[in-house]
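This report describes the strand arrangement of a single model for a reader who has not met it before. The sequence and structure are shown first.

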Amino acid sequence: MDFTIDVVNGKRPFKNFWNGSGFSPGSLLLYADMQQQMAYAGSIPFHGIQYIRIHYLLDLVRIKHIDTDKPIYQWDVLDKCIDVLIENNLLPFFELMGNPEGYFSDFTDNVQVMKWRDFIFHLGQHFIDRYGISCVVQWYFETWNEPDGSWWKQGEEAFCNYYDACSEGLSMVHTDLKFGGPGTCMGLSSIFKSILAHCDTGVNYFTKKQGTRLDFISIHEKGVQACVEDINPNSLKIVEKEQLLYNYVVANHPRFKGVPFINNECDPQVGWWDTHTWRAKSYHAAIAVKIIHQHIEAFHDRGVSYPLLSNDNGFVGGWGRRTMMARFGLEEDQKAQNEYKISADEFEEDKKRRTFAMIKKPILSVMTMLSLLGNERCSIESSSSFSQPNIGVIATMKHDQQLAVLVYHSNDEIMSSGNEPVNIKILGIPFSEGLLTEYRVEQGFTDPFSLWESEGFPQLPDVSLLGRMRDEAELQAIGKGQQLSISHGELAIETIIPIPSVRIFLFTKQNKEKPPMVEQPITRIFPGLDLEYEDVLIKWPSIDLYSLQTYEVLYRKESSSDFKRINKVDTQCALWLHTRKKGEVGEYRVRAVDFWGNCGDTSVSAREFNG
């Protein structure tokens, strides 16, 4: 298949809009394994993942004297959970979902509606006091999850009153706080239609005026319903169902045409708990990229405001579950959903779950690859004589310093295989010399599951295998970069791409300045799986460097005078996990290295995280 990329003509601004994920319930953030997973999510360069959407957060709040005029709100458990996000450079996509003390049973009752408004006001004010307005204005506040499913137990009138109380409470705190919804999952359901009508022409419960603000419209559409069998997803169907909803908005509520439209649970398949091994492989990475590309063409290219496309991969579980990482541990995972809620008084870390190990899956590694795309998208034409919707190309430029060409090959049919030649011609590159680097996610590359399988698929891998799987999970470059000189701004790339797979080619103009110094790294110790060893997580603030090849993580034992690099493979993520003997004492530092081997100044020694 042939593609022609024009770097000069037809360029348009481009921004990462797929940088969200989610899970349930919020109490998982009290657990060490979820805290480690959030550290991995926050380590992706250029905010590759930024927003985390979590059910039932408000069940973490305790309220004393709720029946009086002066209720006392206890935020400590909720604060511990939100702190995990903020500390890892993540932001909440905050569902106003939950029922503190089980008090709010009827939102047609005036007393409860008023108390909910006041509760939301105090919630918003607390967040601003704790995190600052400059942080909280970046959050999204959203309605109850999937009120047209089984999650909302009251009627449509109650939901509209609840909506107005949320809106009013947040507006009383600060008018710049974003609020919307309805987070529905059943297409053109009655409650989807009723909340749009209410926000457009209905009477606001508090102001008694027509209409209520709607800062964004959120919905959930996925590729196929839940099934324990490997049913083939339909990626294009996701877009088609979203377009049906968007067209309804435009036709029936035209003043909402420009309101941002969001699918914040966009996954190939419903049911995070069901085991599907394709979630451990490059199939999941490739179909996720295809879904993103389909949304670019269906919405962004047609002028629709579409600021966020979020998956729901944030759960903790094994290879085949819908998770970012595969978890190994002595304690068996439980299905974390609303039916497993407990009272706020019981929320504390389950210490039995501290013995675990986590491995990045390709769906998380491909988010690193996607984060390397630039801030301007180039126009692309296909000169092929046939249509091949399973192969797609996204081409970008970053500050006229780096060309990125991402190619995916994805068939919705899970059992697909084969190869396809792809020829790409690029015109108008604004520099004549640069380094060409290629990264892959496919069978045998960035593929820790196949390594685990080849070693007899142990349920409790030893330290050696865990280390090799972690190395394999990092985004892998193919060979060494090629220093190229091009004429007239033209570059040709020829490759054969198997199915399923994702590749990115980076052609980077040499930067003679050395990389910036990495700021203060921190460490946190986890017990790990082996009684003789412990896992030390080292993380640091990501640097904004388009020519970054890797961070080098340096370690010096207390008994040694020299620092040595401990990450055998390159990593673009601002995190590394080091396994060492228990009781060993050492010192960690980090430095950045660019594609030409230029090293930034080494950081100061990492301090221990005491959170």
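Gly20 has Tyr51 of β4 as its bridge partner. In this predicted model, strands β3 and β4, the latter spanning residues 51-54, are paired in the parallel sense through 4 bridges. Both belong to an open sheet of 8 strands, whose order is β3-β4-β7-β8-β9-β10-β11-β12 with parallel pairing. Because β3 (20-23) and β12 (308-309) each have a single partner strand, they stand at the edges, and one side of each is left without a neighbour in the sheet.

Strand β9 (178-184) is mostly covered, with 6 of its 7 residues buried. In the order of the sheet, β9 stands between β8 and β10. The table lists three parallel pairings, with one residue pair for each.

| Strands | Bridges | Residues that stand opposite |
|---|---|---|
| β3 and β4 | 4 bridges | Gly20 and Tyr51 |
| β8 and β9 | 3 bridges | Tyr140 and Lys178 |
| β9 and β10 | 3 bridges | Gly181 and Ile217 |

Helices link β9 to the strands on either side. Strand β8 (residues 140-142) forms a right-handed β-α-β unit together with helix α5 (residues 156-173) and β9. On the other side, β9 and β10 pair in the parallel sense. From β9 the chain passes through α6 to β10, and this β-α-β crossover is also right-handed. Helix α6, made up of residues 190-201, lies across β9 and β10 (217-219) and runs at about 155 degrees to β9.

Conventions
Residues numbered from 1 in each chain as written. Predicted model: local features only at pLDDT ≥ 70, side-chain atom pairs only at ≥ 80, totals over all residues. Heavy atoms only, no water. Pairing = 2+ DSSP bridges. Helix = DSSP H or I, 4+ residues; strand = E, 2+ residues; numbered from the N terminus. Contact = heavy atoms within 4.5 Å. Axes fitted to C-alpha atoms, helices over the stretch in contact; angles between N-to-C directions. Buried < 20%, exposed > 50% of the residue type's maximum accessible area, 1.4 Å probe, protein only. Right-handed = clockwise from strand over helix to strand, strands pointing away.
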